[in-house]
Amino acid sequence: MKKLFYIDYPQERIEEHAHRYRCAICKEETTKINGTLEGHLPSCSYRTTLEKAGFEPELVHAHADLHTSDEVD
Ligand SMILES: [Zn+2]
């Protein structure tokens with residue numbers, strides 16, 4: 001399962017632009033990143049960390065209630 005938007009990366013305001021922000025790690029603008037991992041530079045540690053982790057943000061815990069071992073003697 002893939003996350004729709006990756007917006008939990010560290011951001012910092014671009015000094016010259018009061019209302020523009022960028023990734024604090026790879027310095028790509030948020031408007032370019034647009035909530036995607038691909039928007040970050042390939043070298044961005046935020047991106048690489050999530051990619052390596054195969055990040056699954058919304059883990060749907062399939063209720064595997066298979067262990068109904070009611071072993072009543
Ligand atoms: Zn980044």
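**Briefing: a 2-helix, 2-strand chain**

Set aside the neighbours within four places in sequence, and isoleucine 14 is in contact with Arg20, Tyr21 and Arg22. That residue is a handy way into this predicted model. Isoleucine 14 belongs to the loop that runs between strand E1 (11–13) and E2. From there we can look at the overall layout, a few individual residues, the core, and how confident the predictor is.

**The overall layout**

- The protein chain has 2 helices and 2 strands.
- If you walk along the sequence, you meet them in the pattern β-β-α-α.
- The chain is 73 residues long, and 11% of those residues count as buried.
- Take the contacts in the chain with a separation of 6 or more: 23% of them join residues 24 or more positions apart.

**Around the two strands**

- Is isoleucine 14 buried, exposed or partly exposed? It's partly exposed, because 13 to 19 neighbours is the in-between range and isoleucine 14 has 14 other C-beta atoms within 10 Å.
- Isoleucine 14 and alanine 24 sit 10 residues apart in sequence, and their C-alpha atoms are 9.7 Å apart in space.
- Lysine 27 comes in the loop between strand E2 (21–23) and helix H1 (30–33).
- Lysine 27 has a phi near 70 degrees, which is a positive value in a residue other than glycine.
- Lysine 27 counts as exposed, because it has 12 C-beta neighbours inside 10 Å and the cut-off for exposed is 12 or fewer.

**Helix H1 and its contacts**

- Threonine 30 is part of helix H1.
- With 17 C-beta neighbours inside 10 Å, threonine 30 counts as partly exposed.
- Which residues does threonine 30 touch, leaving aside its neighbours within four places in sequence? They are Gln11, Tyr21 and Arg22.
- Threonine 30 and arginine 20 are 10 residues apart in sequence, with 7.5 Å from C-alpha to C-alpha.

**The loop between H1 and H2**

- Asparagine 34 is placed in the loop between H1 and helix H2 (45–53).
- Although asparagine 34 isn't a glycine, its phi is positive, at about 55 degrees.
- Asparagine 34 is partly exposed, with 13 other C-beta atoms within 10 Å.
- Glycine 39 also lies in the loop between H1 and H2.
- Glycine 39 has 19 C-beta neighbours inside 10 Å, so it counts as partly exposed; being buried takes 20 or more.
- Once neighbours within four places in sequence are left out, glycine 39 is in contact with Glu28, Lys32, Ile33 and Asn34.
- How far apart in space are glycine 39 and tyrosine 6? Their C-alpha atoms are 9.6 Å apart, while in sequence the two are 33 residues apart.

**The nonpolar core**

- In soluble globular proteins, nonpolar side chains tend to be buried together.
- Here, the largest nonpolar core has 5 residues: Tyr6, Tyr9, Cys23, Ile33 and Cys44.
- Take a look at isoleucine 33, a member of that core. Apart from neighbours within four places in sequence, isoleucine 33 is in contact with Cys23, Glu28, Gly39 and His40.

**How confident is the predictor?**

- The mean pLDDT of the protein chain is 81, and 68% of its residues reach 70 or more.
- Where does pLDDT stay under 50? That happens over residues 57–65, and for this stretch the model has 4 contacts beyond four places in sequence.

Key:
Residues numbered from 1 in each chain as written. Predicted model: local features only at pLDDT ≥ 70, side-chain atom pairs only at ≥ 80, totals over all residues. Helix = DSSP H or I, 4+ residues; strand = E, 2+ residues; numbered from the N terminus. Contact = placed C-beta atoms within 7 Å. Core = buried A, V, L, I, M, F, W, Y, C linked by C-beta atoms within 7 Å. pLDDT = per-residue confidence, 0-100.
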